[in-house]
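Here is a quick walk through a protein model, meant to be read with the structure open next to you. Have a look at it first, then follow along.

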Amino acid sequence: MLLSVIVFGSGTHKSIHRNLFSIQPADAQRITPGDVWQQVYQQLPDFPKENKYISKENGKVAENNTLANRLIRYHIYTKGRAPIYRLDWKLTLADYLGANEIMYDTTYPGNDALRENPIEGDRKAIKSLTRSQRDALVQVLVNIFNPTSENTLSPNPNTAPNPTPSTTPQPPQQGGAELLK
C-alpha cells in the first residue's frame, strides 16, 4: 500500500515544514541536572554532601560527586522520573528508604566513577533525614526544576478548613431531557 499526503494552499506547506522540523529551543534559561546540585546546597546548606569518595580516574577525592548530584542523576537518568513533580521525588526518596523500588548497585550513579559505590552511604544519609528535611528537599528540587510552579508547601495540618454552610439538595427540574434535543 502506498500512503501519500498532499498539502494544499498557497505556501502553507513551507510554514508547516518549518514549524514541524525546525523547532527552536525556548529562550528561557535551561536547567541542567549537573548544575542543580549546587543550587540544592545553596538552599539547603545542612543537606549531607557525602562527597568523601575517591575517584577511579585520578585517585583524588571527588568533591563534586555529591549526594545531591547522585540523587538527581538517579531520579532523572536511572529511574526516568520527571523532575518537576513532587510525587516523583517522593518515590525516589522512598527508593532510598527501601519502601518503593529496589535500587541496584550496578546502575547507581557513582558506581562507575568512584572506587567505592556510594549507594549504601547515600541510603544511610537519606534515612538520617527527618521527614520535614526530606519534604524541604523535595520542595527545593521541584522549585529549581519548575520555577513557574506554585512554590507552596502543603497546607498546615494544624489549621482547620473553614466549613461551608450546608445546603439542602434541590429536587431535579422536570423536562431536563427535553433540553438535550
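## Starting at Gln 38

Gln 38 is a residue of helix H2, which covers residues 33-43. Is Gln 38 buried, exposed or partly exposed? Its relative accessibility is 41%, so Gln 38 counts as partly exposed. Pick out Ala 68 as well: Gln 38 and Ala 68 are 30 residues apart in sequence, yet their C-alpha atoms are 8.2 Å apart in space.

Keep in mind that you're looking at a predicted model, with no strands and six helices.

## The overall picture

Walk along the protein from the N terminus and the elements read α-α-α-α-α-α. The protein has 181 residues, and 31% of them are buried. About 13,400 Å² is exposed, with carbon and sulfur atoms supplying 54% of that area.

How much of the contact list comes from residues 24 or more positions apart? Of the contacts in the protein with a separation of 6 or more, such residues account for 58%.

## Rings and a charge

The structure holds six aromatic pairs. One of them joins Tyr 96 and Tyr 108 edge-to-face, with 6.1 Å from centre to centre and 75° between the planes. Tyr 96 belongs to helix H4, while Tyr 108 is in the loop between H4 and helix H5 (119-128), so this pair ties together parts that are twelve residues apart in sequence. Both tyrosines, Tyr 96 and Tyr 108, are buried.

There's also a cluster to find: Trp 37, Tyr 41 and Phe 47 are linked by ring pairs. Tyr 41 has a charged partner too, since the charged end of Lys 49 sits over the Tyr 41 ring, 4.5 Å from its centre.

## Two buried polar residues

His 75 sits in helix H3 (residues 67-78). With a relative accessible area of 0%, His 75 is buried. What does His 75 touch, leaving aside residues up to four places away in sequence? The list is Gly 80, Arg 81, Ala 82, Pro 83, Asp 88, Trp 89 and Thr 92.

Next is Asp 95, in helix H4 (residues 86-96). Asp 95 counts as buried because its relative accessibility is 0%. Setting aside residues up to four places away in sequence, Asp 95 touches Tyr 74, Lys 79, Arg 81, Asn 100, Glu 101, Met 103 and Arg 123. Arg 81 turns up among the contacts of His 75 and among those of Asp 95.

## An odd backbone angle

Glu 50 is worth a click. This residue lies in the loop between H2 and H3. Although Glu 50 is not a glycine, its phi is positive, at about 50°. For context, most residues other than glycine have a negative phi.

## How far to trust it

The average pLDDT of the protein is 80, and 66% of the residues score at least 70. Residues 1-10 stay under 50, and the model gives them three contacts beyond four places in sequence. Another stretch, residues 154-161, has pLDDT below 50 as well, with zero contacts beyond near neighbours in sequence.

What should you do with the coordinates where pLDDT is low? Such predicted coordinates should not be read in detail.

Notes:
Residues are numbered from 1 along each chain as its sequence is written. This is a predicted model: local features need pLDDT of at least 70, side-chain atom pairs count only at pLDDT 80 or more; totals for chains, interfaces and linings use all residues. Side-chain values use heavy atoms; hydrogens and water are left out. Helices (H or I, at least four residues) and strands (E, at least two) are DSSP runs, numbered from the N terminus. Buried means under 20% relative accessible area, exposed over 50%, partly exposed in between (1.4 Å probe, protein chains only). Contact means heavy atoms within 4.5 Å. Accessible areas come from the Shrake-Rupley method with a 1.4 Å probe; for residues, only the protein chains shown count as cover. Rings of Phe, Tyr and Trp (its six-membered ring) pair if their centres lie within 6.5 Å; planes under 30 degrees apart count as stacked, over 60 as edge-to-face and the rest as tilted. A charge sits over a ring if NZ of Lys or CZ of Arg is within 6 Å of the ring centre and within 35 degrees of the ring normal. pLDDT is the predictor's confidence in each residue, from 0 to 100.
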